[in-house]
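Let's take a look at the pockets of this protein and at what lines them.

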Amino acid sequence: IEVQERFAQVTGVRLYEGYGLTETSPAATGQIRNAPPRQGSCGVPLPATDIEIRSLEDGTTAMATGDIGEVCIKGPQVMKGYWHRPDETAETLRDGWLHTGDTGYMDEDGYLFLVDRTKDLIISSGFNVYPRHVEEAIYQHPAIGAVTVIGIPDDYRGEAAKAFVELRDGASLRFDELLEFLGDKLAKYELPVAMEVREDLPRTPVGKLSKKELVAEEKAKAEAAAQ
């Protein structure tokens, strides 16, 4: 939001967000051009496009307005399937609906708000913890340059959040200081149980932060500890 507002101030041009995947070639939503963009939303479904928020438990039950679930899309731009991958196609395309693997919710006006990826969801003490929500809270600390949050095994909670952070040049931050900062921003079950400072966090070839390397590292640590 801050980047969006700053861009408009500097250039005089308003950014309009949209959302899509390769499987939707490539767009499914967009902001309404002649209306002010709704902050935090990626817009409304494009013409001839239907979007439903489905239950994370059964993948079929439609969620109520404002409730979080999996984003499912139907429309003429949705792919017919993955090339020579029938099993994955059957898992992703069900009854004509593309199951995106993204979680989100829709407001009363039909605007879509993305929350996270279903595969990144952390189940902590029976509660759903969305890493993106935790990351957004951590980013508010002035010492943070970049952060990635993943789930790690926890004897008490079953699974809990761990934060990997890059600090800004010259900054320092202790874990107890971070927890104190997050105290009024996150629920107790959302708070990280550990923090690790890295000089460089894993990134994809296009520069996006990547979780898979950190997940693999933590899995290897857990397996070694269990031996």
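A quick word on terms: helices (H or I, at least four residues) and strands (E, at least two) are DSSP runs, numbered from the N terminus. Bear in mind that the model is a predicted one.

Start with the largest pocket, which holds about 1900 Å³ of space. Its lining is made up of 42 residues, and V115, D116, R132, E135 and E136 are the ones that lie nearest the centre. Several elements supply at least two lining residues each: α1 (2-11), β7 (97-106), β8 (112-117), α3 (131-139), β11 (144-154) and α5 (212-226). Of these, α3 gives the largest share, with six residues. By residue class, the lining of the largest pocket splits into 18 nonpolar, nine polar and 15 charged.

Now for the second largest pocket, with a volume of about 290 Å³. Here 20 residues form the lining, and E70, H99, T100, G101 and R117 sit nearest the centre. Which elements each supply at least two residues of this lining? They are α2 (86-92) and β7, and β7 makes the largest contribution, five residues. So much for where the residues come from; the class breakdown of both linings is set out below.

| Pocket | Nonpolar | Polar | Charged |
|---|---|---|---|
| Largest pocket | 18 residues | nine residues | 15 residues |
| Second largest pocket | five residues | nine residues | six residues |

One element to keep an eye on is β7, as it supplies at least two lining residues to the largest pocket and at least two to the second largest pocket.

Methods:
Residues numbered from 1 in each chain as written. Predicted model: local features only at pLDDT ≥ 70, side-chain atom pairs only at ≥ 80, totals over all residues. Heavy atoms only, no water. 1 Å grid on protein atoms, 1.4 Å probe; cavity = no way out; pocket = protein on both sides within 12 Å on 5 of 7 lines; lining within 4 Å. Points joined across faces, edges and corners; volume = space filled by probe spheres on them. Nonpolar A, V, L, I, M, F, W, Y, C, P; charged D, E, K, R; others polar.
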